[in-house]
Number of protein chains: 2
Amino acid sequence: MTESGSGTESGSARDPEAVSRFVERFAAQLVEAGMQRMPSRVFAALLASDTGTLTSAELSEQLQISPAAVSGAVRYLAQVHMVSREREPGSRRERYRVHSDQWYEALTSREAIIKRWEDALREGVASLGADTPSGRRLAQTLAFFEFIEQDVALMMERWRVYREERFGD
Amino acid sequence: MTESGSGTESGSARDPEAVSRFVERFAAQLVEAGMQRMPSRVFAALLASDTGTLTSAELSEQLQISPAAVSGAVRYLAQVHMVSREREPGSRRERYRVHSDQWYEALTSREAIIKRWEDALREGVASLGADTPSGRRLAQTLAFFEFIEQDVALMMERWRVYREERFGD
DNA sequence: CCTTAACTTCACAAATTTCTGAAAGAAGCG
DNA sequence: CGCTTCTTTCAGAAATTTGTGAAGTTAAGG
């Protein structure tokens with residue numbers, strides 16, 4: 001007598017256990033890749049939600065964490081453009097949303113980070129000397145990042161074309 | 001005979017302070033991006049070295065850390081293919097090296113990690129149902145990673161061509 | 001074989017990070 | 001205006017991570 005399928009009352013009830021299993025598993029992989037735990041879990045929960053949006057209270061309940069933890073996680077995720085915040089009109093509630101389009105870049109290209117790597121490398125080349133062996137190594141590393149920076153932008157463009165073709169829009 | 005080399009004060013003598021400044025600055029940016037501190041510092045030191053190789057003792061001294069810390073950092077870096085280890089023939093010394101070619105991919109594409117993301121997403125699609133809104137969102141995310149996985153390989157190929165053109169070889 | 005140099009592993013102290021409850025801060029609604 | 005509902009900030013307890021000294025392991029060189 002499991003509760004499976006119960007609560008068909010309002011909308012299509014999803015199996016909360018299956019959702020939770022996915023959320024925790026995917027979040028664990030994000031953590032492995034260096035993301036903090038709470039942001040990872042919040043993000044995964046949004047990804048697995050029906051509408052791609054959840055309120056603070058829903059997140060708090062679903063993930064069994066305090067409102068404070070939700071607040072901190074969302075602040076981080078918004079900062080790196082992986083979610084955006086929306087005010088529900090006529091309510092103090094806020095909704096958080098994954099924009100299927102935006103977050104890919106945040107997660108993969110990390111433009112801002114690469115920019116700072118480039119800055120550090122430029123300084124290094126200048127101070128060690130462009131004509132020294134180590135200076136040359138740094139210069140080549142810098143060239144690599146400048147190259148992929150350009151190329152990643154083109155790649156994202158190709159993805160959009162491909163997606164439109166395959167998924168319509 | 002130790003090759004202190006500090007005699008040449010003009011021109012290409014390496015200024016240890018300038019080196020250290022670069023090492024700490026670049027390492028800090030790697031830390032910001034999620035890498036641990038010691039691996040970051042060791043990696044930056046190798047990048048900034050003249051030959052692209054350093055021994056354990058040299059790293060220990062230059063970075064002011066214990067041999068144990070070097071050992072741990074190198075183990076990690078080797079695991080993710082950012083440095084390789086070489087035995088100095090006829091000595092118990094080991095040299096660690098950055099391969100200007102290999103480490104780019106390790107740092108940027110993170111194949112293994114993306115593979116595990118894909119696995120988690122596939123499971124999610126299966127268990128939530130490919131015909132549900134959330135299932136569709138996960139499927140599209142999965143498609144994105146499969147797409148860039150392919151594309152990144154091509155990008156690295158283009159980089160090699162470009163580099164050869166620009167830097168000779 | 002035995003010595004010794006070089007690297008690795010391990011247990012633990014210290015530093016850092018993470019998450020919470022409590023209180024304060026906004027903003028709609030009567 | 002205050003009441004009420006939701007979110008954010010903050011101090012601190014708990015958990016985790018980090019780097020070290022010391023002991024252990026491996027292998028060169030006599």
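## How chains A and B meet

Gly34(B) comes closer to the rotation axis than any other residue of chain B, with its C-alpha at 2.6 Å. This is a predicted model, and here is a quick tour of how its two chains sit together. One surface serves both copies, as 98% of the contact residues of chain B recur in chain A.

**Symmetry**
- A turn of 180 degrees with a shift of 0.0 Å along the axis lays chain B on chain A, with an RMSD of 0.1 Å.
- The two copies are therefore related as by a two-fold rotation axis.

**Extent of the contact**
- Chain B brings 54 residues to the contact and chain A brings 53 residues.
- About 5,000 Å² is buried between chain B and chain A, and carbon and sulfur atoms give 68% of this area.
- Trp117(B), Arg137(B) and Phe144(B) supply 13% of the area that chain B buries against chain A, more than any other three residues.

**Polar and charged links**
- The interface of chain B and chain A holds 6 salt bridges.
- Arg158(B) forms a salt bridge with Asp151(A), and their closest N and O atoms are 2.4 Å apart.
- Between chain B and chain A, 16 residue pairs are in polar contact.

**What chain B puts into the contact**
- On the side of chain B that touches chain A, α1 (16-32), α2 (37-47), α5 (102-108), α6 (111-128) and α7 (133-167) each supply at least two residues.
- The largest share of that side, 22 residues, comes from α7(B).
- By residue type, the side of chain B that touches chain A divides into 32 nonpolar, 10 polar and 12 charged residues.

Terms used: Residues are numbered from 1 along each chain as its sequence is written. Chains are lettered from A and ligands numbered from 1 in the order in which they are written. This is a predicted model: local features need pLDDT of at least 70, side-chain atom pairs count only at pLDDT 80 or more; totals for chains, interfaces and linings use all residues. Side-chain values use heavy atoms; hydrogens and water are left out. Contact means heavy atoms within 4.5 Å. Buried area is the accessible area (1.4 Å probe) that two parts lose on being put together, summed over both. A salt bridge is a side-chain nitrogen of Lys or Arg within 4 Å of a carboxyl oxygen of Asp or Glu. A polar contact is a pair of N or O atoms within 3.5 Å; within protein, one must be able to donate a hydrogen and the other to accept it, and residues adjacent in sequence count only if both atoms are side-chain atoms. Helices (H or I, at least four residues) and strands (E, at least two) are DSSP runs, numbered from the N terminus. Ala, Val, Leu, Ile, Met, Phe, Trp, Tyr, Cys and Pro count as nonpolar, Asp, Glu, Lys and Arg as charged, and the others, Gly among them, as polar. Copies are superposed by least squares on the C-alpha atoms of residues with pLDDT of at least 70 in both.
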